[in-house]
Amino acid sequence: MNIRIYKTVFTALLGFGIIVSGTGFNKAEASSQKKLDYSLKQATNLYSKKLNKNSDSDDLVAVLKSVEKSNQVKSLSNNDKLDLLNTILDSVPEKVVKQYQEEKMNEINEVISYESNVGSKVSKTIELSDGSSVELSSTDELDNSNSTDSQYMGIAAAATEMGPYRAEDKEYGARLYTAWVKLKSAGVTVATLKLGNHYSVGDYGLKMRYCDVGGTNGTVYSSVDASCKVTDSKAEKVNYDMNAVGTYKISGKLNNGYIVLTSYIKLTSLNKKSKVARVY
């Protein structure tokens, strides 16, 4: 199985949709608020002074990358780290911020598109040019979302987390393949994008019952408006595939724009006697 990214923005969205935004991080994690406040002020003074109204996108990226690498910044609370990044973005003209956001979103889409098609079965984290990062992973598990049978409890938590590329044998029954994308700044996850594919395996091959974007979430730093639709619901013959599309509108200074995830679930072999299908 695989996911591919397309930069097309869909104006008509079908399927399940959610709008999510967080309320920030727990500031109680700071062991010494007075000390951390002082460190935040020091960091703010240090990095914001490196930028001004004449700074361009390259200048901004250079400062943001140095912040991501700073041991001093790593000692701050999650809230303080992200407050610092937002303050730095406020230090440059709005047009520079918009250019930075556009360039970053293009880079994110390109990274995801490439990394999800290189055949890696390992969950991986890719660093972007500004020092922030994108984490890619997936799970494929028995789908018992409608079951109350106690024997199935805990299966989801036990699912193996891997990279977005998978090639595995699946026994007949209902399954759930979920692709994950996490956007991180200063080591803190500011947005998680998920595309859940509820499909079935049987003598008929593969069927996509429905998709969902459950588990997608943002924060006050990057809110997410998400929806999905099934675009091809059947893979009834070997080498046929089926698809679902998730569209994510991200709003915030750290990330702003659209990401579109397309799942690609292909039937590569079907053994009706053993009731097992090979799924890519």
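Helix α2 meets helix α4 through L60, V63, L64, V67 and E68 on the α2 side, with L84, L85, I88 and L89 answering from α4. Sorted by class, this contact has 8 nonpolar residues, no polar ones and 1 charged residue. Bear in mind as you look around that the model is predicted.

Now step back from the side chains to the helices themselves. The axes of α2 and α4, the latter spanning residues 78-89, come within 11 Å and cross at roughly 165°. Angles over 145 degrees count as roughly antiparallel, and α2 and α4 are therefore roughly antiparallel to each other. The crossing in which α2 passes α4 is right-handed.

Helix α2, which covers residues 57-69, has another neighbour to visit: helix α5, made of residues 94-115. Here the axes come within 9 Å and cross at roughly 70°. Since the range from 65 to 115 degrees counts as roughly perpendicular, α2 and α5 are therefore roughly perpendicular to each other. As α2 passes α5, the crossing is right-handed. On α2 the contact uses S57, L60, V61 and L64, while α5 brings V96, Q99, Y100 and E103. This contact of α2 with α5 divides into 5 nonpolar, 2 polar and 1 charged residues. If you follow L60 and L64 of α2, you will find them in the contact with α4 and also in the contact with α5.

Let us move on to the strands. Strand β3, residues 124-127, pairs with β4 in the antiparallel sense over 4 bridges. One place to see this pairing is K124, whose bridge partner in β4 is L136. The hairpin of β3 and β4 has 5 residues between the strands, and in this hairpin G131 takes a positive phi near 90°.

From β4, which runs over residues 133-142, you can continue to β6, residues 173-185. These two strands run antiparallel and are joined by 10 bridges. To find your place along them, look for S138, which has A179 in β6 as its bridge partner.

Strand β6 then leads to β7, residues 188-202, through 13 bridges, and this pair also runs antiparallel. Here K184 stands opposite T189 in β7. The hairpin that connects β6 and β7 has 2 residues between the strands, and A186 takes a positive phi near 55° there. While you trace these strands, it helps to know that in a regular strand the side chains alternate between the two faces of the sheet.

The last stop is among the aromatic rings, where the structure holds 2 aromatic pairs. In one of them, the rings of Y165 and Y280 have centres 5.4 Å apart and planes at 80°, so the pair is edge-to-face. Y165 sits in the loop between α6 (155-158) and β5 (168-171), and Y280 in the segment after β14 (276-279), so this pair ties together parts that are 115 residues apart in sequence.

Methods. Residues are numbered from 1 along each chain as its sequence is written. Side-chain values use heavy atoms; hydrogens and water are left out. Axes are lines fitted to C-alpha atoms, for helices over the stretch in contact, and angles run from 0 to 180 degrees between N-to-C directions. Angles under 35 degrees count as roughly parallel, over 145 as roughly antiparallel, 65 to 115 as roughly perpendicular and the rest as oblique. A crossing is left-handed if the near helix is turned anticlockwise from the far one by less than a right angle, and right-handed if clockwise. Contact means heavy atoms within 4.5 Å. Ala, Val, Leu, Ile, Met, Phe, Trp, Tyr, Cys and Pro count as nonpolar, Asp, Glu, Lys and Arg as charged, and the others, Gly among them, as polar. Two strands pair if DSSP finds at least two bridges between them. Rings of Phe, Tyr and Trp (its six-membered ring) pair if their centres lie within 6.5 Å; planes under 30 degrees apart count as stacked, over 60 as edge-to-face and the rest as tilted.
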